[in-house]
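Got your viewer open and a cup of coffee within reach? Here is a walk through the model, one selection at a time.

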Number of protein chains: 2
Amino acid sequence: MKAILVIADGLGGRPSDGPNGSCLQAAATPTLDALASRGALGLLDPIGPGIRPGSDTAHLSILGYNPSSVYTGRGAFECLGIGMDVACGDVCFRANFATVEPWDDALPVVTDRRAGRIETGQAELAAALHAVALKAAPDVRFEFAPSTEHRGALILRGPGLSRHVSENDPHVEASADDTEENREAARLQRSRPLHDDEAARRTATIVNEIARRSYEAWREHPVNLDREAHGKHPANVLLLRGASELPKLEPIGETYGVRGAVIAGGALYRGVALAAGMTSLSCPGATGGLDTDLTAKATAAIDALEDHGLIFVHIKGTDNAGHDGDGEAKRRFIERIDAEFFARLIARIDLEEVHLAFTGDHTTPIRFGDHAPDPVPVMFVGPNVMPDGCTRFDERAAGAGGLGRFSGQVLPMLLGYCDRSPKFGS
Amino acid sequence: MKAILVIADGLGGRPSDGPNGSCLQAAATPTLDALASRGALGLLDPIGPGIRPGSDTAHLSILGYNPSSVYTGRGAFECLGIGMDVACGDVCFRANFATVEPWDDALPVVTDRRAGRIETGQAELAAALHAVALKAAPDVRFEFAPSTEHRGALILRGPGLSRHVSENDPHVEASADDTEENREAARLQRSRPLHDDEAARRTATIVNEIARRSYEAWREHPVNLDREAHGKHPANVLLLRGASELPKLEPIGETYGVRGAVIAGGALYRGVALAAGMTSLSCPGATGGLDTDLTAKATAAIDALEDHGLIFVHIKGTDNAGHDGDGEAKRRFIERIDAEFFARLIARIDLEEVHLAFTGDHTTPIRFGDHAPDPVPVMFVGPNVMPDGCTRFDERAAGAGGLGRFSGQVLPMLLGYCDRSPKFGS
């Protein structure tokens, strides 16, 4: 008995999403409705009632881990997700190429946190940084990897390091003619130790040294001279945030005796799945955006069932539309999930042999434009699921669903239907 | 206001149990349906969503304790349940009379983990073991008690002991003409310390010495000579597993100010109830099997209401039929629970004076034949229970029940309806 877990990021919504209620209510979803008629619905609190989930914490909870005890920050999952090799004890950061004003004595003002969404030259900049960054602390292994546009990740590995340091990202930008108050707020931050110990003090010093060396290595780098010649913002400093360590998670394979695979366009979701012991499958066309190829993802999932007992498919576009406040785009994307992903999927799998779970990692209501703490509809389908009489998949149907309301644990429940759960007790 | 908690072990099931859905759905249960019409239903996660319960952990959780913090193993409850006197700090084991090949230097192969389900002579064997086992560690009190067939329990009491030892039971058997691989797997195991401390090392040594002494005491015991003369497997070694300590549980009487009594055929369930401070009532005819006398159990419960505020009745047969994969037997047994137990019970109690809860400790679906993590239907009836409009008691009705879905805590809720809960806060 095999399992497919599908998470549409930010799937749920609110009655204020549009004239026909939530985007999910407004969407025509004949395939999902047919699945609802075979299965059972419920309301999922991704982490717990009233808790507004992050993407990382929600995924941990849905996969059966307790984010309150294992989560230290997003950096480690980003590092894993972009293909870096992360070991326990490494201090991991999310990183941005950014633009600062000339750095004299005082910390410089950040004028563009994304360095004009730089799209070329990141590898050359990374190489230049690597050439000088080692000198920041000779016994610390330094690894920086760019991912997409201005994004990247950094790993520090060595003795006497700590994740308990503040970030150097001011999270706001200011221009030369901004108010003095705004300009002060937009200055590059000095990383500070958050614990009173030598490791935290040392790590903060290294973060500050890396920022300084990134500026020295990049200020007159050919990539930036070329950008400036074309009127683009130079990528002349590295912002570091989300200092964290990889949590030690009991691998899915050991707990449930099943090989798991993830199909996701977004690095974070691959990272969480990899941390849980799954394999990441490539899927050309999976972009992590509204333009993703949903048919390709369905095909990849079907193919992967051949030699995996669990496939986790992450679909990001719903959340992007929610963050953009674009209800029409979200509704249309949900209809594409129904027609391109699920219609293809169920045409090719035998629902007497496969259990399927579909949910979101949180709601992203249109007017709020961010993750909300409201519960999310969840649906299970398969031979061991007791049908509950629902004939529609949306927030309201889920509220009347036969599975009631529960927190996280979607994957343990799904693999429980597949008779793969370990017994607690005797 | 008095309370009756009835647990039918492994009560719930799945749509795949049989042609008419789950055994509970297929069963004709007019009494339970009438109770449903007066009361309220819900879905119970015995321990938590997605957690596959053992019998011991599920009962602890249903009684209101947190198995994650109090559970160390099944042995202590088995010891209590068969009438042994267990103190805090005792190391308790479940024990089997078993058959091994001749024990020379190497650990012998176990050929029958149940010694032909030995039915007579256990007391004589126990006496012979007691005569030699004390010498294994003079300052340790050793108490072994046989229970039914090949089963028994062992307590070690004394200074410097630890429950952190592995068992000597290989959990598989092999015959003389088995493959070498199978024979190796079936060798008696050497108990090992699981913690790196003197107490664990000492306890493992004692376990190994007891196994050796059981072999010496029993190999030519008249009981075994007689068994072998009749072509039966000799009971020539003691298997020990489930090393555990009795958890310190706040007694029901202290928390709720109520005298509790348990009526159960199975030792484990009596053991958990005794650990919770209840009294065990004898009920001739309660076998813990499909042949149990359900009318006698109803009568015993009714009689016990006289001088107890809480009666906990455990009915085991539903689980036995589930483990056997016999859906028809399970359906018929559920119909017997309805007609013989509940019909008699409600004819004799006043449901304006008594609150009643009925549930299972887990599901035991027919095709899986073991405990599944799916939620279980639960029903409360009594003057303080808000009726929810349900008119049927089964998994699907429970999914639409007015009590929603919750984890464990059935006894605290039941005694809450009886106005017996302590207040948390002020």
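Start by selecting strand 3 (residues 91–100) and strand 7 of chain A: the two pair in the antiparallel sense, with six bridges between them. To find one spot along the pairing, click A:Cys92 and look across to A:Ser244 in strand 7, which stands opposite. Strand 7 itself runs over residues 237–244 and is mostly covered, with seven of its eight residues buried. Keep in mind as you go that this is a predicted model.

**The open sheet of chain A**

Next, color the sheet of eight strands in chain A. This open sheet has the order 9-8-10-1-11-12-2-13, and its pairing is mixed. Which strands stand at the edges? They are strand 9 (279–280) and strand 13 of chain A; each has a single partner strand, so one side of each is left without a neighbour in the sheet.

Now move to strand 8 (residues 260–264) and strand 10 (residues 310–315) of chain A. Five bridges hold this pair in the parallel sense. Pick A:Ile263 and you'll find its bridge partner in strand 10, A:Val313. Then add helix 11 (residues 267–275) of chain A to the selection: the helix lies across strands 8, 9 and 10 of chain A and runs at about 175° to strand 8.

While you're in this sheet, stop at A:Phe358, which sits in strand 11 (residues 354–359) of chain A. Is A:Phe358 buried or exposed? It counts as buried, because 27 other C-beta atoms lie within 10 Å and the cut-off for burial is 20 or more. Apart from its neighbours within four places in sequence, A:Phe358 is in contact with A:Val6 and A:Met379. Show A:Leu32 as well: it is 326 residues away from A:Phe358 in sequence, yet the two C-alpha atoms are 9.2 Å apart in space.

**A loop stop in chain A**

Select A:Glu149, in the loop between strand 5 (141–146) and strand 6 (151–157) of chain A. Check the backbone here: phi is near 50°, a positive value in a residue other than glycine. A:Glu149 counts as partly exposed, with 15 C-beta neighbours inside 10 Å.

**Over to chain B**

Color the open sheet of chain B next. It has eight strands in the order 10-9-11-1-12-13-2-14, again with mixed pairing. At its edges stand strand 10 (279–280) and strand 14 (405–407) of chain B, each with a single partner strand, so one side of each has no neighbour in the sheet. Zoom in on strand 14 of chain B and strand 2 (residues 40–45) of chain B: they run parallel and are joined by three bridges. B:Leu43 is the residue to click, as B:Arg405 of strand 14 stands opposite.

Helix 11 (residues 267–275) of chain B is worth a look too: it lies across strands 9, 10 and 11 of chain B, at about 175° to strand 9.

Then select helix 12 (residues 294–304) of chain B and turn on side chains for its buried residues: B:Leu294, B:Lys297, B:Ala298, B:Ala300, B:Ala301 and B:Ala304. Look down the axis of helix 12 and these buried residues fall within an arc of 160°, so they line one face of the helix. What do they pack against? Their partners in chain B are strand 1 (2–8), strand 9 (260–264), strand 11 (310–315) and helix 14 (327–348).

One more click in this chain: B:Asp419, in the segment after helix 16 (410–417) of chain B. Its phi is near 60°, a positive value in a residue other than glycine. B:Asp419 counts as exposed, with 10 C-beta neighbours inside 10 Å.

**Where the chains meet**

Show both chains and select the contact, which takes 22 residues from chain A and 31 residues from chain B. On the side of chain A that touches chain B, strand 13 (405–407), helix 16 (410–417) and strand 14 (423–424) of chain A each supply at least two residues. Helix 16 of chain A gives the largest share, three residues. By type, that side divides into nine nonpolar, nine polar and four charged residues.

Zoom in on strand 14 of chain A and strand 3 (residues 52–53) of chain B, which run parallel and are joined by two bridges. Here A:Lys423 has B:Arg52 as its bridge partner.

Finally, superpose chain A on chain B: a rotation of 123° with 0.1 Å of shift along its axis does it, at an RMSD of 0.1 Å. The two copies are thus related as by a three-fold rotation axis. Click A:Gly404 to end the tour: among the residues of chain A, A:Gly404 comes closest to the rotation axis, at 3.2 Å (C-alpha).

Note on methods. Residues are numbered from 1 along each chain as its sequence is written. Chains are lettered from A and ligands numbered from 1 in the order in which they are written. This is a predicted model: local features need pLDDT of at least 70, side-chain atom pairs count only at pLDDT 80 or more; totals for chains, interfaces and linings use all residues. Two residues are in contact if their C-beta atoms, placed from the backbone, lie within 7 Å. Helices (H or I, at least four residues) and strands (E, at least two) are DSSP runs, numbered from the N terminus. Ala, Val, Leu, Ile, Met, Phe, Trp, Tyr, Cys and Pro count as nonpolar, Asp, Glu, Lys and Arg as charged, and the others, Gly among them, as polar. Two strands pair if DSSP finds at least two bridges between them. A residue is buried if 20 or more other C-beta atoms lie within 10 Å of its own, exposed if 12 or fewer, and partly exposed in between; C-beta atoms are placed from the backbone. The arc is that of the directions from the helix axis to the C-beta atoms. Copies are superposed by least squares on the C-alpha atoms of residues with pLDDT of at least 70 in both. Axes are lines fitted to C-alpha atoms, for helices over the stretch in contact, and angles run from 0 to 180 degrees between N-to-C directions.
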